[in-house]
Amino acid sequence: MSLDQQLKKKASDQVNEKGSIVKKDPFYPLYHIAPPVGLINDPNGWIQWNGTYHLFYQWMPFKAGHGAKFWGHVSSEDMINWKEEPIALAPSDWFDKDGCYSGSAISFNEELLLYYTGNVKNNNIREAYQCLAVSKDGRNFEKLGVQIEVPGGYTAHFRDPKVWQEHDRYYMVVGAQTEKEEGSVVWFSSEDLKKWQFGGMLADGFGYMWECPDFFSLNGTDILLFSPQGLSASGIDYRNIHQTGYIAGKWNKGTNQFLHEEFVELDHGFEFYAPQTTMDDQGRRLLIGWMGVPDQDEQLHPTIENGWVHQLTIPRELTYKNGRILQKPVEELKQLRKQQKYHLELNTQKIIMKDIPKASEIKLDIQANENVKIDFFEHLKLHFDTSTHYVQLLRPKLDGTGTEERVAVAEQLTDIQCLIDHSSIEIFINDGEIVFTSRIFAEPSNNKLTIQANGELTVWELAK
Ligand code: FRU
């Protein structure tokens, strides 16, 4: 058996041995992608290929912690039911032995191509290689090795290639750190996906490293989405250890000038990082993110004792309006609405429901501009104050030392949609203008929801 086969077998054995314990965990999600065992981080290779959605992910099968990453793989026809596929990549070669790090997928000549970063560490000295693997059937991948080395002027923090096609050319953005240890994104282009030309720097300006870049257009505006590291918290902004956001503008590839607006955070929740997008055959720009943040609280997650940690977000459709990206759950997720549990008119009186399932959707259409208070499972709280315009998310800290909060600002609230899945919540406010993505480790037997608002409330139980 080759080392590659051995590693993949060892990983599958872990799933076979420990997978059932993982799935029995009361915090394990119903309709989100989560690791079959071990740790999941970034979504990778997100693509609709021959009509089927494929999603790969950074995966550590041997422990609920980081290490030499594999690429796990799931596929779906409807973005609700995900099928386990054979492990796509294992860290088995000299150029990726310390991790098949993040990357993306593209379809070319009927083959599915994966571009990823080979992470190598020898005597604690890092090397990074942008590598390629190909598949004819979308299940079995053959590694073709190193395609791009780190260009002069950059350190080995050079990773996470995102590839796309525009007319008859291919482009790639890569997250990079300059020799001055500043975060940036660089780009390459190619005519044939074989020979890549270095195009230079696309953007820089703050932080010490920019991870997981993605580049796409929404309604004619160019968006560079990335996860910068090294931004300090400032007022209500940048409150997670590392952030995710975008700069929007116009990139002139001829002059290599990207004129853009200020950096905007994409999500205001406690756990959101390294999202990736793709365009599907309906022309939708679809995003999935990691519901985690590197170096943030992970060792305190209660799921670790059952052998797994982290999950991904639901797929979301992106649009662009008034200079802001809007995010909405993909339409398909409405199929999860199995039973309408409540449909109520609220008139600022406080109501308490004691039987809210841990897989549920809550929708509140707000009829009057009044304060809103929602308490989920006596654990997480969402408050809107009409005088400060603050939308506040509060939860107990995992280390037991009090409460933590995240804040966004809204002139007024018009609607709130919450998707709950055992240990996660995704809150979409004002048609997806403000989003809070967070893990929620409430007592599994607590099903209490308290709401005070003026509007129309609907609660569905979600089931597959
Ligand atoms: C982001 C990241 C990427 C890297 C991967 C390794 O979470 O650090 O930059 O490729 O995770 O798992």
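**Reading a ligand site and a domain interface**

A polar side-chain atom of Asn41 lies 3.0 Å from an oxygen atom of the ligand in this predicted model.

Q: Which residue, apart from Asn41, places a polar side-chain atom 2.7 Å from an oxygen atom of the ligand?

A: A polar contact is read from the distance between two N or O atoms, which must lie within 3.5 Å. Here the residue is Asp42, with a polar side-chain atom 2.7 Å from a ligand oxygen. Asp160 also has a side-chain N or O atom 2.5 Å from an oxygen atom of the ligand.

Q: How much of the accessible area of the ligand does the protein cover?

A: One starts from the area of the ligand on its own, which is 320 Å², and the protein covers 93% of it. Strand E1 (38-49), strand E5 (100-108) and strand E9 (154-166) are the elements that each give two or more residues to the surrounding shell.

Q: Which residues surround the ligand, and how do they divide by character?

A: The shell consists of Asn41, Asp42, Gln58, Lys69, Tyr101, Ser102, Arg159, Asp160, Glu211, Tyr273 and Trp290. By character, 3 are nonpolar, 3 are polar and 5 are charged.

Q: How is the chain divided into domains, and what area is buried between them?

A: The bounds are read before the interface: domain 1 spans 3-328 and domain 2 spans 337-462. Their C-alpha centres lie 29 Å apart. At the interface, 32 residues of domain 1 contact 34 residues of domain 2. The buried area is about 3,000 Å², and carbon and sulfur atoms give 58% of it.

Technical notes. Residues are numbered from 1 along each chain as its sequence is written. This is a predicted model: local features need pLDDT of at least 70, side-chain atom pairs count only at pLDDT 80 or more; totals for chains, interfaces and linings use all residues. Side-chain values use heavy atoms; hydrogens and water are left out. A residue is near a molecule or strand if one of its heavy atoms lies within 4 Å of it. A polar contact is a pair of N or O atoms within 3.5 Å; within protein, one must be able to donate a hydrogen and the other to accept it, and residues adjacent in sequence count only if both atoms are side-chain atoms. Accessible areas come from the Shrake-Rupley method with a 1.4 Å probe; for residues, only the protein chains shown count as cover. Helices (H or I, at least four residues) and strands (E, at least two) are DSSP runs, numbered from the N terminus. Ala, Val, Leu, Ile, Met, Phe, Trp, Tyr, Cys and Pro count as nonpolar, Asp, Glu, Lys and Arg as charged, and the others, Gly among them, as polar. Domain bounds come from an automatic or database domain assignment. Contact means heavy atoms within 4.5 Å. Buried area is the accessible area (1.4 Å probe) that two parts lose on being put together, summed over both.
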